[in-house]
Amino acid sequence: MGEIGPIRRWLPGSAPETVTRTAACAVIDVDLDSPDPGRGMELVRSFAEKSSIPIICVLDYSAEELERKLRVAKIRALGAAAISRPFEPSDLIDAVRNKDDQAFERKAVEHGGAVGLGVAAAHGMLTNIFRASRGGRPVPFDQVKVKDVVIIDALRTSGIKAWLDLVRQHHNATYRHSLLVTGVAVAFAQALDMRIEDQQRLARAGLLHNIGNALLPLDILENPDVLTEQELEQVKKHPVLGYELLVREGGFPEEILACVRHHHEFLDGSGYPDGLSGLQIPDLVRIVTIADVFCVLSEQHAEKSRMAVERTLGVMESMIGKLDGDLLRAFRTIAWDPA
Ligand SMILES: [Fe+2]
């Protein structure tokens, strides 16, 4: 575990407030087989009440007994994560991440309204897809399309600004970006009066467009510094990695595969990975590309105001030739300000 960072041990009975003042997370061993498993549960409860850091309980819940399951459920109800033994240091990191993701999803649901439900639905699908891909588990297409009507309804009812405001509270840049692109692509489709089926396609394409990133090393993906040339080359493989992943999985429609593989292509042929140009790039891909460029550029502004939208649109208009001019003009008509 030392590879994560400094480890500090404490004795049972230490005050959680003292122990956790400088810790990034608390790992508590809960022995469900001890004569008094309630003591471990008490410790978890005490940390949950008196500290705000993530709590991860390590336990052995490979057995199927109902009593154990109930205790695991109680641990989770206290807001703690549970992982089973044996585990790797990376499992601890994943447990903290998953807990943060669950916290965001709860926040979205508590936010309420169509936008809260829509963002929570999109987030649930996105995290399932990414975790499965990272873990080498299947990503069936049926899982990706199950709640897209909720997403579409959220954009239609609450508008893009509410979507962006909520999604921007997500701590993880990879998830945040895919959720932003999903919202912007669907809002764009609505501004274009596209059929509901096309809105659904764009919701799915938005969630999946960067799925190849799930196969990149996290230290590159989450590196806050400027990437080296070699790292950039690796990042640029994500469209092909994502495409190949979904082709291997099978059952994904051509238009979704095209969005995953080609969302970094430009009309003048200067994009990647295949250097497609002009009519080789289908409309659905062009829409995802515009949503993607908008989200990347607008995330670079510290303030997320109408000014940031204006400046971003200005930069994008200087990219006509790479991006579709007619679509860009229509992109302006999205209701960036709430009615
Ligand atoms: Fe991408």
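**Exercise 1. Is His238 buried or exposed, and at what relative accessibility?**

Solution. This is a predicted model. Start with the cut-off: buried means under 20% relative accessible area. His238 has 4% relative accessibility, so His238 counts as buried. Apply the test again to Asn210. Asn210 stands at 8% relative accessibility and therefore counts as buried.

**Exercise 2. Identify the protein donors of the iron ion and classify the site.**

Solution. Step one is the donor list. Asn210 donates through OD1, and His238, His263 and His264 donate through NE2. These donors lie 2.2 Å from the iron ion.

Step two is the sequence pattern. The donor residues are spaced N-x27-H-x24-H-H. Asn210 and His238 are 28 residues apart and link distant parts of the chain. Asn210 sits in the loop between helix 9 (196–208) and helix 10 (218–221), while His238 belongs to helix 12 (residues 238–249).

Step three is the geometry. The angles among the four donor atoms run from 85 to 174°. A tetrahedral site needs all angles between 85 and 135 degrees. The site of the iron ion is irregular.

**Exercise 3. Locate the salt bridges of Arg261, Glu317 and Arg329, and compare their settings.**

Solution. The structure holds 16 salt bridges. Take three of them in turn.

- Arg261 pairs with Asp274, with the closest N and O atoms 2.7 Å apart. Arg261 lies in helix 13 (residues 254–262), and Asp274 lies in the loop between helix 13 and helix 14 (283–299). They are 13 residues apart, and the pair links distant parts of the chain. Arg261 is buried at 18%. Asp274 is partly exposed at 36%.
- Glu317 meets Arg332 at 2.9 Å, N to O. Glu317 is in helix 15 (residues 306–317) and Arg332 in the segment after helix 16 (325–331), so the pair ties together parts 15 residues apart in sequence. Glu317 is partly exposed at 33%. Arg332 is partly exposed at 32%.
- Arg329 bridges to Asp326 at 3.0 Å between the closest N and O atoms. Both lie in helix 16, three residues apart, about one turn of the helix. Both are exposed.

Beyond these pairs, a network of salt bridges links Arg195, Asp198, Arg201 and Glu255.

**Exercise 4. Classify the aromatic pairs Phe130–Tyr175 and Phe294–Trp336.**

Solution. The count comes to six aromatic pairs. Phe130 and Tyr175 have centres 5.5 Å apart and planes at 90°. Planes over 60 degrees apart count as edge-to-face, and this pair is edge-to-face. Phe130 lies in helix 5 (residues 113–134) and Tyr175 in helix 8 (residues 173–191), so the pair ties together parts 45 residues apart in sequence. Phe130 is buried at 0%, and Tyr175 is buried at 4%.

Now the second pair. The ring centres of Phe294 and Trp336 are 4.6 Å apart and the planes meet at 25°, so the pair is stacked. Phe294 is in helix 14 and Trp336 in the segment after helix 16, 42 residues apart. Phe294 is buried at 1%, and Trp336 is buried at 4%. Phe294 and Trp336 join Phe188 and Phe331 in one aromatic cluster.

**Exercise 5. Describe the chain as a whole.**

Solution. Secondary structure first: 16 helices and three strands. Burial next: 47% of the 339 residues count as buried. Then contacts: among those between residues at least 6 apart in sequence, 64% join residues at least 24 apart. Last, surface: the chain exposes about 16,800 Å², with carbon and sulfur atoms supplying 53% of it.

Notes
Residues numbered from 1 in each chain as written. Predicted model: local features only at pLDDT ≥ 70, side-chain atom pairs only at ≥ 80, totals over all residues. Heavy atoms only, no water. Donors = N, O, S within 2.8 Å, 3.2 Å for Na, K, Ca; no water. Tetrahedral: all angles 85-135°; square planar, octahedral: opposite > 155°, others 65-115°. Helix = DSSP H or I, 4+ residues; strand = E, 2+ residues; numbered from the N terminus. Buried < 20%, exposed > 50% of the residue type's maximum accessible area, 1.4 Å probe, protein only. Salt bridge = Lys/Arg side-chain N within 4 Å of Asp/Glu carboxyl O. Contact = heavy atoms within 4.5 Å. Areas by Shrake-Rupley, 256 points an atom, 1.4 Å probe, with all protein chains shown as cover. Phe/Tyr/Trp six-rings, centres within 6.5 Å; stacked < 30°, edge-to-face > 60°.
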